[in-house]
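Q: I should like to learn how to read the contacts, the sheets and the chain interface of a model. Could we work through them in turn?

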Amino acid sequence: MAEAGLIDHTDAAAGSHSRALEGPRGARPRRVLSRRNIILYGTLFVVAVYYLLPLYVMIVTSLKGMPEIRLGNVFSPPVEITFEPWVKAWATACTGLNCDGLSRGFWNSVRITIPSVVLSIAIASVNGYALANWRFKGANLFFTILIVGAFIPYQVMLYPIVIILREMGIYGTLTGLVLVHSVFGMPILTLLFRNYFTSVPEELFKAARVDGAGFWGIYFKIMLPMSLPIFVVAMILQVTGIWNDFLFGVVYTKPDIYPMTVQLNNIVNSVQGVKEYNVNMAATLLTGLVPLVVYFVSGKLFVRGIAAGAVKG
Amino acid sequence: MASVSVRNLDLSFGDVKVLQNLNLDIEKGEFLVLLGSSGCGKSTLLNCIAGLLDITDGQIFISEHNVTWEQPKDRGIGMVFQSYALYPQMTVEGNLAFGLKNARVPRDEIKKRIARAAQLLHIEPLLKRKPAQLSGGQRQRVAIGRALVRDVDVFLFDEPLSNLDAKLRAELRVEIKRLHHELENTTMIYVTHDQIEAMTLADRIAIMRAGAIQQLADPATIYNKPYNKYVAGFIGSPSINFIDGTLEAASDPVFKAGETKVDLSRYAFSGNGPKPGPVTFGIRPEHIFMDKAAVDEPFRANVEVDVVEPMGADTLVWSKLNGHELRFRVDGQTPLKKGDRVKVGFDPARASIFDAETEMRL
């Protein structure tokens with residue numbers, strides 16, 4: 001009897017739920033073409049076009065021959081696609097005495113960027129790790145000085161550094177430039193790594209100490225494997241920054257070892273002869289290609305590293 | 001022979017004194033719980049013993065060695081943390097082996113010790129997994145295993161169960177107790193803010209407040225004879241009733257609060273005997289009985305029920321005794337409602353009386 005009563009009771013309860021009342025029910029309907037969406041996507045579209053248009057003009061121009069460019073239709077697609085400007089920009093364009101195009105500058109930039117990136121990240125990550133986890137005496141002062149360094153304009157330091165490099169005997173060499181890039185990357189990279197390592201739970205570090213790992217043991221076996229995203233962020237920042245650098249490249253090197261940016265400037269700004277817009281466009285695109293490729297390959301990790309904060313153990 | 005001994009320990013961060021002149025001796029094989037609310041310095045003390053914090057003054061001995069200046073790895077300790085602190089990129093096996101590899105223990109010895117720890121903690125099927133693939137309880141088991149394989153004399157637990165849900169916490173609590181029985185001669189120091197963990201696990205409890213130990217005694221003494229008002233109020237849930245009044249000791253000692261008079265001739269005064277003056281009278285809710293059960297109690301009174309909190313097994317009743325708040329516990333099935341007048345009674349011998357000024361037990 002009691003059981004039957006119980007079943008009756010649940011049936012009644014279910015029945016009362018199945019009777020739906022008037023009015024809104026279930027998921028809220030979403031209109032695709034609401035006023036809000038139109039404004040939102042409209043703005044995004046306009047802004048996107050604004051930023052993409054120059055790139056479009058560059059690509060289109062670089063694929064045209066000079067007679068077609070002289071017609072003056074900047075936005076029209078090329079009638080006759082030609083890759084000649086690209087080849088010329090890479091291999092035969094003249095800058096000063098050399099007529100082997102941007103290829104020389106490209107390899108110079110590679111030889112500058114790779115050691116600078118590796119050196120600066122290696123030093124800055126250890127700096128950040130020491131500042132975050134081993135609070136040595138004077139750590140705060142050291143950190144403050146380092147951060148202040150990030151706010152001093154480069155131009156102020158240009159000439160003193162020329163003297164320092166000259167005294168060291170590496171003025172006008174790749175080594176000198178690599179050293180300058182590494183030093184100037186230090187403030188921001190150290191800050192980046194310090195903040196990342198601070199977000200790693202302190203207990204992990206304590207556990208490793210109880211387990212007998214030392215300064216380098218914890219760095220290589222615990223911290224490094226956990227920090228791939230932040231290393232990618234640092235790498236992107238440094239590759240982009242050093243590759244795009246013009247100022248240090250032009251001041252601290254000599255024509256034989258000019259980086260790609262300086263060479264590009266020399267091609268574009270040469271005043272003799274005809275202005276070859278298509279070659280200039282191709283050369284500029286070639287120069288910008290490396291940071292772009294780096295970003296597209298590792299962009300996802302970049303975002304993850306920037307957003308990192310919650311490292312779950 | 002003391003296994004861990006802390007002598008005149010001072011710790012300051014700049015001007016802030018966190019621990020002051022702290023002394024503590026822990027016997028070999030003892031289970032000591034450091035209990036206190038957050039910010040009382042209990043975890044700090046544990047970190048000092050582990051060597052993770054440099055102390056300002058004093059000495060620390062572990063197994064008769066002065067380890068005051070030793071690195072954590074050389075102190076012969078294993079430590080378990082609240083957040084597990086497992087190395088996320090290593091497998092469970094790698095986590096267990098990490099400390100042994102650093103100590104250059106031979107490979108087959110590492111295997112042997114991991115196998116033993118895994119068997120003891122029932123984590124054999126998990127050895128090849130990464131920490132992210134484990135549940136909270138499993139992670140904490142691995143963390144305990146990491147301390148276990150180090151084959152040390154002293155285990156330090158820093159709130160190891162606080163991140164787990166209530167059911168798992170109870171399970172793992174029993175397992176830690178079992179582990180302590182199995183590992184004879186292993187000293188365990190356990191930090192917690194959970195008094196149930198403290199009462200169930202400890203051989204002795206050290207109750208800490210503001211960087212000082214308030215009372216260091218076995219759980220029964222802490223519960224029955226709290227050394228001061230803070231300890232009495234901290235231990236016990238629901239917490240003890242406090243009634244302010246005066247102590248009169250003309251002939252037989254009597255506690256007076258307004259119209260309420262409690263005969264204290266059965267109360268065991270400590271030290272110098274009853275000292276007349278303002279006092280606080282404390283009686284635990286579970287030591288107050290109602291109706292028929294109250295008949296035989298030496299002290300009886302009528303109270304009015306104010307609030308009733310049913311908790312299933314028993315019910316907590318908030319009542320007024322001549323204007324003073326009085327909480328007591330009755331069987332969960334007792335029908336009571338607001339406004340009822342009931343008879344309650346208790347034995348003053350089970351009470352605790354504290355000096356109103358010094359807050360010390362009389």
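A: Let us begin with one residue. In this predicted model, Ile123(A) is in contact with Ser182(A) and Met186(A), once its neighbours within four places in sequence are left aside.

Q: In which element is Ile123(A) found?

A: Ile123(A) belongs to helix 5 of chain A, which covers residues 103-133.

Q: How far apart are the C-alpha atoms of Ile123(A) and Ser182(A)?

A: The separation between these C-alpha atoms is 8.7 Å, although Ile123(A) and Ser182(A) are 59 residues apart along the chain.

Q: Why does Ile123(A) count as partly exposed?

A: The general idea is to count C-beta neighbours: a residue is buried at 20 or more within 10 Å and exposed at 12 or fewer. Ile123(A) has 17 C-beta neighbours inside 10 Å, and therefore counts as partly exposed.

Q: Let us turn to the sheets. What is the strand order of the open sheet that includes strand 11 of chain B?

A: One reads a sheet by following its strands from edge to edge. This open sheet of 5 strands in chain B has the order 13-12-11-14-20, and its pairing is antiparallel. Its edge strands, each pairing on one side only, are strand 13 (260-263) and strand 20 (352-355) of chain B. From one strand to the next, the twist averages 35°.

Q: How many bridges join strand 14 of chain B to strand 20 of chain B?

A: There are 4 bridges between strand 14 (residues 277-283) and strand 20 of chain B, and the two strands run antiparallel. At the level of residues, Val279(B) has Asp355(B) in strand 20 of chain B as its bridge partner.

Q: Which strands are at the edges of the open sheet with the order 15-19-16-17-18 in chain B?

A: The edges of this sheet are strand 15 (289-290) and strand 18 (324-331) of chain B, each of which pairs on one side only. The sheet has 5 strands with antiparallel pairing. Within it, strand 16 (residues 299-310) and strand 19 (residues 341-346) of chain B pair over 6 bridges. Glu304(B) stands opposite Arg341(B), a residue of strand 19 of chain B.

Q: Finally, how many residues of chain B are in contact with chain A?

A: An interface is read by counting residues on each side, then by asking which elements supply them. Here 19 residues of chain B are in contact with 15 residues of chain A. Strand 6 (77-80) and helix 2 (92-102) of chain B each give two or more residues to the side that touches chain A. Helix 2 of chain B provides the largest share, 3 residues. By class, that side of chain B has 14 nonpolar, 4 polar and 1 charged residues.

Key. Residues are numbered from 1 along each chain as its sequence is written. Chains are lettered from A and ligands numbered from 1 in the order in which they are written. This is a predicted model: local features need pLDDT of at least 70, side-chain atom pairs count only at pLDDT 80 or more; totals for chains, interfaces and linings use all residues. Two strands pair if DSSP finds at least two bridges between them. Axes are lines fitted to C-alpha atoms, for helices over the stretch in contact, and angles run from 0 to 180 degrees between N-to-C directions. Two residues are in contact if their C-beta atoms, placed from the backbone, lie within 7 Å. Ala, Val, Leu, Ile, Met, Phe, Trp, Tyr, Cys and Pro count as nonpolar, Asp, Glu, Lys and Arg as charged, and the others, Gly among them, as polar.
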